[in-house]
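Student: I would like to learn how to read the features of a model residue by residue and element by element. Could we begin with the aromatic rings and go on from there?

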Amino acid sequence: MSLNYEDTNFKDYSNCKLCPRACSIDRYKDVGFCGESGTLSINSYMLHNGEEPPISFQNGSGTIFFTGCSLKCPYCQNMQISRAKKSSKREYSLSELITIIEELILRGADNINFVTPDHFLPHIIEAVKIIKKNSIDISFIYNCSGYQSLDSLKRAIEYIDIFLFDYKYASNEVSSLFGVNDYFDVVRQDLSFLIKERGNLVLDNGKAKSGVLVRHLIMPALIDNSISVVNNLYFDYGVDIFFSVMSQYSPKYLINPSDNFSIINRHITRDEYDQVIGLINDLGFKNCYIQDFIDFDDDFLPDFEKQNIFEGNRNSGY
């Protein structure tokens with residue numbers, strides 16, 4: 001059982017620059033661009049069997065879903081929590097976060113997986129410090145959008161073992177369509193830093209222990225973007241990089257589907273999927289996890305309004 005670790009006023013929240021937005025909001029008085037205050041907010045936590053095989057492994061990834069997001073994609077697959085209303089949020093103390101981590105470990109979690117963690121990095125660092133101080137041997141995962149502050153990553157890397165790193169867009173022109181003008185510049189800089197400091201994913205009998213796994217979601221009408229992401233990874237890091245390609249895009253939560261985002265108001269087609277996967281195979285990537293083609297089935301889309309999602313032996317589609 002954890003001791004009672006009281007929350008302190010983390011100075012980062014008073015003039016918040018934890019993400020590249022650097023909105024400088026005092027989150028103890030207001031919310032930042034991410035939609036979060038200086039009080040920790042968690043939507044749910046569970047043993048997650050829907051991640052890539054070395055992440056979910058045998059017992060599941062001990063996943064903690066934080067509310068809010070600094071990217072706010074209009075098609076977010078986790079829209080229910082990335083833009084959660086204040087009335088639906090549950091606040092947690094540092095002690096409670098530590099208790100959640102301990103509970104997941106006791107339930108057999110193969111790792112602890114922080115999802116959309118950047119705007120709560122100070123809480124996460126303190127919790128990991130305390131768990132590590134208790135000599136608990138478990139890998140910690142930073143499951144992020146790719147749009148991260150380099151300064152924050154430099155702080156996180158001391159405490160985090162594995163980085164699940166989204167690579168959404170291969171140009172600022174494409175990312176600007178979705179409300180962020182410098183995504184590609186940030187991603188390229190961040191990924192270079194992480195690969196240099198952590199290297200490729202390291203497996204121990206099939207279980208992820210440390211390193212970087214890059215993820216990319218194929219989106220309808222943006223296949224040239226996906227092709228560019230694959231080519232960039234190939235030319236920058238070679239065929240040994242650990243790479244995960246997802247086909248589960250859904251317009252279910254799409255904002256204004258008939259207005260600004262009509263071109264992505266559908267699932268991807270088989271031809272779009274085959275173009276991307278064909279290039280990956282042609283280039284000879286050695287460590288690529290490829291999700292099966294999913295065209296209209298939202299079975300892999302999480303519903304955070306249901307209890308115990310991802311519990312049990314749920315197929316990840318890889």
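Tutor: Let us do so, keeping in mind that this is a predicted model. A search of the whole structure finds 17 aromatic pairs, and we can take two of them in turn.

Student: How is a single pair described, and what is the geometry of the rings of Y13 and Y28?

Tutor: In general, a pair of aromatic rings is described by two quantities, the distance of the centres and the angle of the planes. For Y13 and Y28 the centres are 6.0 Å apart and the planes stand at 70°, and because an angle over 60 degrees counts as edge-to-face, this pair is edge-to-face. Y13 belongs to helix α1 (residues 11-14), while Y28 sits in the loop between α1 and β1 (40-48), so the pair ties together parts that are 15 residues apart in sequence.

Student: Are Y13 and Y28 buried, partly exposed or exposed?

Tutor: Y13 is buried, with a relative accessible area of 0%, whereas Y28, with a value of 31%, is partly exposed.

Student: And which parts of the chain does the pair of Y75 and F178 tie together?

Tutor: The ring centres of Y75 and F178 lie 5.4 Å apart with their planes at 85°, so this pair, too, is edge-to-face. Y75 is in the loop between β2 (61-66) and α3 (79-82) and F178 in the loop between α7 (172-176) and α8, so the parts that they tie together are 103 residues apart in sequence. Both residues are buried, and ring pairs link them with Y147, Y169, Y183, Y249 and F261 into a cluster.

Student: Let us turn to helices. How should I read the packing of α8 and α9?

Tutor: As a general idea, two packed helices are described by the angle between their axes and the distance between the axes. Here the axes of α8 (residues 183-198) and α9 (residues 223-237) come within 12 Å and cross at roughly 35°, and the crossing is right-handed. On the side of α8 the contact is made by F184, R188, L191, S192 and I195, and on the side of α9 by N232, L233 and Y237; sorted by class, these are five nonpolar, two polar and one charged residues.

Student: What does the side chain of a buried polar residue such as N113 make contact with?

Tutor: N113 is found in strand β4 (residues 112-115) and has a relative accessible area of 0%, so it counts as buried. Its side chain makes a polar contact of 2.8 Å with the side chain of E51, and another polar contact, of 3.3 Å, joins the side chains of N113 and N143. Beyond its neighbours within four places in sequence, N113 is in contact with residues including I55, T63, I141 and L164.

Student: Where is I157, and which residues does it contact?

Tutor: I157 lies in the loop between α6 (150-156) and β6 (162-166), and at 11% relative accessibility it counts as buried. The C-alpha atoms of I157 and L194 are 8.2 Å apart, although the two residues are separated by 37 residues in sequence. Outside its neighbours within four places, I157 is in contact with F163, F193, L194, E197 and R198.

Student: Finally, what is the phi of S24, and what is that of A221?

Tutor: S24, which is not a glycine, has a positive phi of about 60°; this residue is in the loop between α1 and β1 and is partly exposed at 33%. For A221, also a residue other than glycine, phi is near 70°; A221 is found in the loop between β8 (207-217) and α9 and is partly exposed, with a relative accessible area of 42%.

How values were computed. Residues numbered from 1 in each chain as written. Predicted model: local features only at pLDDT ≥ 70, side-chain atom pairs only at ≥ 80, totals over all residues. Heavy atoms only, no water. Helix = DSSP H or I, 4+ residues; strand = E, 2+ residues; numbered from the N terminus. Buried < 20%, exposed > 50% of the residue type's maximum accessible area, 1.4 Å probe, protein only. Polar contact = N/O pair within 3.5 Å; in protein donor to acceptor, adjacent residues only side chain to side chain. Contact = heavy atoms within 4.5 Å. Axes fitted to C-alpha atoms, helices over the stretch in contact; angles between N-to-C directions. Left-handed = near helix turned anticlockwise from the far one by under 90°. Nonpolar A, V, L, I, M, F, W, Y, C, P; charged D, E, K, R; others polar. Phe/Tyr/Trp six-rings, centres within 6.5 Å; stacked < 30°, edge-to-face > 60°.
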